[in-house]
Amino acid sequence: MSLNQVSEIKVSGGRLLRIEHDSKVCQGSMTFAIFLPPQVQTGASVAKVPALYWLSGLTCNDENFSQKAGAFALAASLGMAIVMPDTSPRTAGIANEDDGYDLGTGAGFYLNATQAPWSKAYNMYSYVTTELPNIIQSNFPVNTKAAISGHSMGGHGALVCALKNPGQYTSVSAFAPIASPSQCPWGQKAFTAYLGTDSADWVPWDSNELVQKNHAAGLIPQPMLIDQGTSDPFLTEQLMPHLFSSTCARLNIPLDYRERQGYDHSYYYISSFIDEHLRYHAAYLGLKA
């Protein structure tokens, strides 16, 4: 596969790269960013490091986290790579895909669409869980140990990717996730367009449903951390993390649920607590925090 390096920036002793490539599952050009910590260069040899996959939210792309989260200094100290994919295809050419912030461009919802015209290109789940890790591990000094995290729509994506793939990620965390998309306006709009009107087809993409399904199957979940600001304007109508938290409590599923008094939905909030998340994942990735 041909990769085109768009840019390289030195930061915190490591390197931040932006890469373009042709995606088979998304049927077009995709862009991702990757931070490589200084530990990958040890004299004449190259050491492989574990990676955190970060999934961004509605309207974002691969640059939001890299520019606003302030995560690279600690990631460099820990020896952790960070992989930041885009939030949707950008070259699908679907009519009206740019009309709204919550559907189409910038709003892939980290699922595999089944409905035309979206189903040809909007396969972000397969991209994030299969195609992109294969690209990363084949072309960069990154090993197979991975954790996953995200914000808002990306928090939904991180939970779904982890719950649908027990064992693929050492741990999962989410900032202000859309925790029960089947029951909120953002999720209902996206699921109807991408998956159809039958709500039974939404279940495999709803983390609140998946955690119950996994529990019934006897699957042991990855360590989970959810972080939520109490002054988030989307908390009650769109995010509903209390539903997921209550489900885990009812089923005795371990969940580290942290409420942050007075914090909102912005990257000011994320940057305030990103170090806690990095250290959380580092412990499970085998890195010294």
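Let me begin with a term: a residue is called buried when its relative accessible area is under 20%, exposed when that area is over 50%, and partly exposed in between. By that scale E276, at 32% relative accessibility, counts as partly exposed, and R258, with a relative accessible area of 21%, is partly exposed as well. Please keep in mind throughout that what we are looking at is a predicted model.

I start with these two residues, whose side chains meet in a salt bridge, with 2.8 Å from N to O. Because R258 lies in strand β11, residues 256-260, and E276 in helix α9, residues 267-285, the pair ties together parts that are 18 residues apart in sequence. The two also belong to a wider group, since D227, D256, R258, R260 and E276 are linked in a network of salt bridges.

Across the structure there are nine salt bridges, and I would like to pick out two others. In one of them, R18 pairs with D62, the closest N and O atoms being 2.7 Å apart. This pair links distant parts of the chain, with R18 in strand β2, residues 14-23, and D62 in the loop between β6 and α1, 44 residues away. Both R18 and D62 are buried.

The other joins D86 to R90, with 2.8 Å between the closest N and O atoms. Here the two partners sit differently with respect to the surface: D86 counts as buried because its relative accessibility is 4%, under the 20% limit, whereas R90, at 37%, counts as partly exposed.

What, then, of D232, which is buried yet has no salt bridge: how far away is the nearest side chain of opposite charge? That side chain belongs to R260, and it is 12 Å away. D232 itself lies in the loop between β10, residues 224-229, and α7, residues 235-239. Leaving aside its neighbours within four places in sequence, D232 is in contact with A176, L239, Y263, D264 and H265.

H265 brings me to my last topic, as this residue is also one of those that line the largest pocket. The full lining consists of G57, L58, T59, C60, Y101, H151, S152, W186, F234 and H265. About 150 Å³ of space lies in this pocket, and its lining residues divide into five nonpolar, five polar and no charged. So the charged residues D232 and R260, which I mentioned a moment ago, are absent from that lining, in which no residue counts as charged under the definition used here.

Technical notes. Residues are numbered from 1 along each chain as its sequence is written. This is a predicted model: local features need pLDDT of at least 70, side-chain atom pairs count only at pLDDT 80 or more; totals for chains, interfaces and linings use all residues. Side-chain values use heavy atoms; hydrogens and water are left out. On a 1 Å grid over the protein atoms alone, a cavity is a set of points where a 1.4 Å probe fits but cannot get out, and a pocket is an open set with protein on both sides within 12 Å along at least five of seven lines; lining residues have an atom within 4 Å of a point. Grid points are joined across faces, edges and corners, and a volume is the space filled by probe spheres set on the points. A salt bridge is a side-chain nitrogen of Lys or Arg within 4 Å of a carboxyl oxygen of Asp or Glu. Helices (H or I, at least four residues) and strands (E, at least two) are DSSP runs, numbered from the N terminus. Buried means under 20% relative accessible area, exposed over 50%, partly exposed in between (1.4 Å probe, protein chains only). Lys and Arg count as positive and Asp and Glu as negative; His and the chain ends are not counted. Contact means heavy atoms within 4.5 Å.
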